[in-house]
Amino acid sequence: MKELVKRVLRRGAVAIATAFAISACHRAKSAQKPIECESLVRALTAAKQPGTAINTVRSSARAADGCRYAEVAGRAALDADLPPFAQRVLGASPTKCARAQLLLGERAEALARAGKSDEAEAAAKLALKTNPTNPYAELALSRVAYDRNQMTVCAEHGEAALKFGRGAEAERLLGRSLLARGQFEAAEAHFKKVLEANPNDAEAAFSAAVCDDRLGHYYLAREGFLQTLRIDPKHQQARFYLAVLTHQAGFDAEAQHHLAKFAEVVPKDDPQRLQLEQLLNGADGGAPDAGLRPHGADSAPGKR
């Protein structure tokens, strides 16, 4: 009899432990469908987002408030450049939320990040009609202007987004707009702000290094590109820049090392690889431009 009681108690304990082990993410539900919190957390982790952001998502899910969760999870997904997740959690939010216009602004930013400029612009303007200080709507308009190569307009909306609290993502677009206009020192300061918020941001590390390169700061540029590779070992443009940078500084052995690493991740007929091989083998007396495109930071992985 005692053994039977023990077995029952053990089974009960296991059942209770299992119930508590179920993530709070799975218990959070919106008015329409379960919110995919655990999937989002995994995606945020893979994107190397700060632990504070992930914990905020988990705690908001635990509260089982669909509106609050949509707001928090939407921002986390946007900050990680995961527009599909942002659209999913926002689409699952309750139809009536006290901060509906803020969520509309998040939807606008998600649309802008997905390249749907016209839809994003319309949603952002609608959100700003009733909420003139909506940071997501301003960020959406900044991103739309950036994609249209309207750098002055991009900066204007980026400044508004920063003023209204959009933080690192506003800093990113301000940095991009300044980099595209050749204002490297000012641009670098904004990318450093992004890195303060998330030291694992490969685009910000790369873009700051580009600024140092253009300013002639060899050691800072080299360290910045190496930092980018520590974050993302397969970052092609950082490896390309390092090969050019070290070759120009006379460190040919290191340049050859970076060329070999670059060759591991690109095909033999890749134009940049051929360009590097020509440069490092002495077939071309001049150094190539390191590939800075009109939008500058676009050469970073996963255009944000």
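**Rings, core and loop residues: a reading lesson**

Tutor: Let's start with rings: searching the whole structure gives six aromatic pairs.

Student: How do I read one, say Phe225 and Tyr241: what kind of pair do they form?

Tutor: Rings of Phe, Tyr and Trp (its six-membered ring) pair if their centres lie within 6.5 Å; planes under 30 degrees apart count as stacked, over 60 as edge-to-face and the rest as tilted. Phe225 and Tyr241 make a tilted pair, with 4.8 Å from centre to centre and 45 degrees between the planes. The pair ties together distant parts of the chain, 16 residues apart: Phe225 sits in helix α14 (residues 218–231) and Tyr241 in helix α15 (residues 236–248). Helices here are DSSP runs (H or I, at least four residues), numbered from the N terminus.

Student: Before we go on, what am I looking at, and how are residues numbered?

Tutor: This is a predicted model, so to speak a calculated one: local features need pLDDT of at least 70, side-chain atom pairs count only at pLDDT 80 or more, and totals for chains, interfaces and linings use all residues. Residues are numbered from 1 along each chain as its sequence is written, and side-chain values use heavy atoms, with hydrogens and water left out.

Student: Back to the rings: are Phe225 and Tyr241 buried or exposed?

Tutor: Buried means under 20% relative accessible area, exposed means over 50%, and partly exposed is in between (1.4 Å probe, protein chains only). Phe225 and Tyr241 are both buried.

Student: And which residues do ring pairs link into a cluster?

Tutor: Look at Phe206, Phe225 and Tyr241, which ring pairs join into a cluster.

Student: Rings can also have a charge over them. What lies over the face of Phe85?

Tutor: A charge sits over a ring if NZ of Lys or CZ of Arg is within 6 Å of the ring centre and within 35 degrees of the ring normal. Over the face of Phe85 you'll find Arg88, at 4.8 Å from the ring centre.

Student: How do I read a core? Which residues touch the most other members of the largest nonpolar one?

Tutor: In soluble globular proteins, nonpolar side chains tend to be buried together. A nonpolar core is a set of buried Ala, Val, Leu, Ile, Met, Phe, Trp, Tyr and Cys residues joined through side-chain atoms within 4.5 Å. The largest nonpolar core here has 29 residues, and Leu179, Phe225 and Leu276 touch the most other members. At least two residues each come from α11, α12, α13 (202–214), α14, α15, α16 (252–265) and α17 (271–280). The element that gives the most to this core is α15, with seven residues.

Student: Why does Gln236 count as partly exposed?

Tutor: Gln236 belongs to helix α15. Its relative accessible area is 34%, so Gln236 is partly exposed. In space, Gln236 is 9.2 Å from Lys261, C-alpha to C-alpha, with their positions 25 residues apart in sequence.

Student: What about the loop between α14 and α15: which residue should I look at there?

Tutor: Try Asp232, found in that loop between α14 and α15. Asp232 counts as partly exposed because its relative accessibility is 22%. Asp232 and Asp201 are 31 residues apart along the chain, and their C-alpha atoms are separated by 9.1 Å.

Student: Now for the backbone. Which residue takes a positive phi just after α3?

Tutor: First glance along helix α3 (residues 37–46), where Cys37, Glu38, Leu40, Val41, Ala43 and Leu44 are buried. Just after α3, Lys48 has a positive phi of about 60 degrees, and Lys48 is not a glycine. Lys48 lies in the loop between α3 and α4 (51–62). With 34% relative accessibility, Lys48 is partly exposed.

Student: And what phi does Ala64 have?

Tutor: Ala64 isn't a glycine either, yet its phi is positive, about 55 degrees. You'll find Ala64 in the loop between α4 and α5, where Ala64 is partly exposed at 45% relative accessibility.

Student: One last residue: where is Glu121?

Tutor: Glu121 is in helix α8 (residues 117–130). Glu121 has a relative accessible area of 23%, which means partly exposed. Glu121 and Ala145 lie 24 residues apart in sequence, and their C-alpha to C-alpha distance is 9.4 Å.
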